[in-house]
Protein chains: 2
Amino acid sequence: MQLATSIEELRAWRRGAPPTLGFVPTMGALHEGHLDLARFARSQNAAVVASVFVNPLQFGEGEDLARYPRDLAGDREKLAATGVDLLFAPEAQEIYPHGFSTTIDVGSVGEGYEGALRPGHFRGVATVVGKLLHLVAPHRLYVGQKDAQQSAVLRKLVRDLAYDCTVTIVPTVRETDGLAMSSRNIYLDERERHAAPSLHRMLRRFLELVKTGEPLEIARTKASTVLEAPGALDYLACVDAESFEPLQALRSNAFVIAAARFGRTRLLDNLWFPQ
Amino acid sequence: MQLATSIEELRAWRRGAPPTLGFVPTMGALHEGHLDLARFARSQNAAVVASVFVNPLQFGEGEDLARYPRDLAGDREKLAATGVDLLFAPEAQEIYPHGFSTTIDVGSVGEGYEGALRPGHFRGVATVVGKLLHLVAPHRLYVGQKDAQQSAVLRKLVRDLAYDCTVTIVPTVRETDGLAMSSRNIYLDERERHAAPSLHRMLRRFLELVKTGEPLEIARTKASTVLEAPGALDYLACVDAESFEPLQALRSNAFVIAAARFGRTRLLDNLWFPQ
């Protein structure tokens with residue numbers, strides 16, 4: 001696996017790249033969920049690029065940019081083992097040089113839920129991925145279902161601006177107790193870690209209830225009792241998978257989504273309801 | 001010359017396009033200035049795409065979207081004669097289908113002058129060109145110096161988001177009396193048309209004065225007397241050619257820029273001061 005830290009090195013590699021190219025953008029601190037994206041990309045393309053870039057533009061004030069976990073050496077090893085061809089790991093000033101001021105905003109799909117709790121977050125996500133897609137010029141982009149709203153934002157970005165690539169959403173990888181893998185799980189202390197899988201159980205209970213026709217408000221009240229202390233619920237909702245508009249009743253191509261705080265750590269999870 | 005009105009037709013043509021491709025985006029109602037862009041592109045590339053698209057996103061409320069001049073048959077003939085290979089002329093819903101909501105904003109370069117007088121204008125410009133660049137995937141983009149702030153916005157777009165193409169600014173084409181060619185000149189009545197070249201003379205006078213070291217405010221006052229009635233000045237300024245920040249004194253790579261209203265028609269003009 002080659003490493004590129006500059007745009008120039010990446011472009012030099014890209015000029016000689018084979019005719020199908022998969023791309024896995026990440027913020028590093030890689031876990032099995034990320035590696036699944038890379039393996040998926042590996043199975044569908046002649047070459048795979050992964051990026052490790054902790055994107056300052058998607059962190060708000062008071063968020064965990066400075067303490068976000070970083071382990072480039074470990075990430076390199078893991079990506080090489082999955083058969084990634086090129087790792088692009090630029091410094092912030094390579095992507096955002098002095099005077100950088102352009103932003104991409106996908107509109108309402110990024111305004112509720114995580115967008116409401118983290119103003120500017122999805123503008124930062126759309127902007128960096130919008131730029132990375134120009135640099136890497138992949139045929140297929142791979143993103144994880146765990147960050148469902150982010151995946152909807154990126155699908156909207158690619159569709160609205162007609163980027164010439166497809167977006168593949170790869171299912172969430174979970175620990176054996178059901179906790180969705182996340183780079184932020186390492187922040188959890190023992191009590192928080194023990195309670196954290198109840199986020200997934202709450203979502204399953206919520207989905208069961210709304211499937212049986214239980215009104216959303218009642219299902220939400222019943223299901224939220226499944227969340228274990230010290231988990232504090234931010235939201236539990238049913239949304240359209242494309243627009244992320246709230247739904248008043250379950251219908252096809254929906255997500256049930258939830259976010260909860262465990263101490264200082266916010267965790268997200270979701271289930272997809274395809275039909 | 002081929003005509004494509006759908007994205008599908010454009011993409012089909014693009015797959016067989018030669019290895020260097022120039023692109024001239026326009027809003028139609030073509031004049032010699034546009035045709036110069038096309039001829040320039042023709043001389044530097046194996047193939048040339050021009051687009052004719054009156055972009056609703058860059059018109060504000062109460063602006064002239066509905067009455068903006070349209071002449072697709074005439075435009076086709078003119079472009080074919082300059083050797084353009086493909087004309088892309090989509091309807092608005094092809095570029096902005098139902099639910100479209102993404103915008104690109106390049107920041108401060110688009111906030112003063114035209115951006116201040118036409119809120120959202122350059123966001124509309126950056127968004128449509130950002131999308132057209134994905135659809136056409138040219139190696140070189142050609143824009144006219146007449147719309148100097150627009151050209152600065154597009155250079156910023158391409159640089160910040162790392163589009164893989166160069167931007168060439170082509171000098172303004174003028175009528176024999178100095179009036180910069182513009183699709184909006186046809187709106188001028190006889191008296192307005194007679195006064196309109198004074199916009200260019202005012203700019204030349206302004207540049208002469210500031211070159212000799214005259215303070216900007218004094219130069220502006222003196223030069224603005226050159227503008228003939230019914231011309232009403234919106235602004236006359238000296239700006240950095242890249243950032244479009246106002247300058248307090250002339251220096252290299254600057255534009256002197258002006259806008260004035262002649263009846264209901266706003267005209268723009270500028271002079272470049274390279275060194």
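# Notebook: a predicted two-chain model

I began at A:His121, which, setting aside residues up to four places away in sequence, touches A:Gln58, A:Gly60, A:Glu114 and A:Gly115. A reminder to myself before going on: this is a predicted model. A:His121 sits in helix H6 of chain A, which covers residues 121-136. Is A:His121 buried or exposed? I find 21 C-beta neighbours inside 10 Å, so A:His121 counts as buried. I also looked up its spacing to A:Phe59: the two are 62 residues apart in sequence, yet 6.2 Å apart in space from C-alpha to C-alpha.

**Entry: just after H6**

From there I moved on to A:Ala137, in the loop between H6 and strand S6 (140-144) of chain A. Its phi caught my eye, being near 50 degrees, a positive value in a residue other than glycine. With 19 C-beta neighbours inside 10 Å, A:Ala137 counts as partly exposed. For context, most residues other than glycine have a negative phi, and most peptide bonds are trans.

**Entry: another positive phi**

In chain B I noted B:Phe244, whose phi is near 55 degrees, positive although the residue is not glycine. B:Phe244 belongs to the loop between S8 and S9 of chain B. I count B:Phe244 as buried, because 24 other C-beta atoms lie within 10 Å.

**Entry: cis peptide bonds**

Which residues does the cis peptide bond in chain A join? They are A:Ala229 and A:Pro230, with omega about 10 degrees. A:Pro230 is in the loop between helix H10 (216-224) and strand S8 (231-240) of chain A. I then checked chain B, where the peptide bond from B:Ala229 to B:Pro230 is cis, with omega near 5 degrees. B:Pro230 lies in the loop between helix H10 (216-224) and S8 of chain B.

**Entry: the sheet in chain B**

Following chain B into S8, I traced an open sheet of three strands, ordered S8-S9-S10, with antiparallel pairing. Which strands are at the edges? They are S8 (231-240) and S10 (265-273) of chain B, each of which pairs on one side only. From one strand to the next, the twist averages 15 degrees. Helix H9 of chain B, residues 198-211, packs on this sheet and touches S8, S9 and S10 of chain B. I noted that the direction of H9 makes about 35 degrees with that of S10(B).

Looking at the pairing itself, I see S8(B) and strand S9 (residues 254-262) of chain B joined in the antiparallel sense over nine bridges. I picked out B:Ala232 and looked for its bridge partner in S9(B), which is B:Arg261.

**Entry: the nonpolar core**

Which residues touch the most other members of the largest nonpolar core? Among its 148 residues, they are A:Phe206 and B:Phe206. I took a closer look at the chain B copy: leaving aside neighbours within four places in sequence, B:Phe206 is in contact with B:Ala219, B:Arg220, B:Ala223, B:Leu236 and B:Val256. A general point fits here: in soluble globular proteins, nonpolar side chains tend to be buried together.

**Entry: domains of chain A**

I split chain A into domain 1 (2-170) and domain 2 (183-269), as assigned. Their C-alpha centres are 26 Å apart. Each side of the contact has its count: 13 residues from domain 1 of chain A and 13 residues from domain 2 of chain A. On the domain 1 side, helix H7 (residues 148-160) of chain A gives the most, with three residues.

**Entry: how the chains meet**

Next I asked how many residues of chain B are in contact with chain A. I found 21 residues of chain B in contact with 21 residues of chain A. On the chain B side, the elements giving two or more residues are strand S5 (103-105), helix H6 (121-136) and helix H7 (148-160) of chain B. H6(B) supplies the largest share, four residues. I also see that 100% of the interface residues of chain B are interface residues in chain A too, so the copies meet through the same surface.

**Entry: the symmetry**

Last, I superposed chain B on chain A: a rotation of 180 degrees with 0.0 Å of shift along its axis does it, at an RMSD of 0.0 Å. That is the relation of a two-fold axis. Which C-alpha of chain B is nearest the axis? The C-alpha of B:Ile104 is, at 2.3 Å from it.

Notes
Residues are numbered from 1 along each chain as its sequence is written. Chains are lettered from A and ligands numbered from 1 in the order in which they are written. This is a predicted model: local features need pLDDT of at least 70, side-chain atom pairs count only at pLDDT 80 or more; totals for chains, interfaces and linings use all residues. A nonpolar core is a set of buried Ala, Val, Leu, Ile, Met, Phe, Trp, Tyr and Cys residues joined through C-beta atoms within 7 Å. A residue is buried if 20 or more other C-beta atoms lie within 10 Å of its own, exposed if 12 or fewer, and partly exposed in between; C-beta atoms are placed from the backbone. Two residues are in contact if their C-beta atoms, placed from the backbone, lie within 7 Å. Two strands pair if DSSP finds at least two bridges between them. Axes are lines fitted to C-alpha atoms, for helices over the stretch in contact, and angles run from 0 to 180 degrees between N-to-C directions. Copies are superposed by least squares on the C-alpha atoms of residues with pLDDT of at least 70 in both. Domain bounds come from an automatic or database domain assignment.
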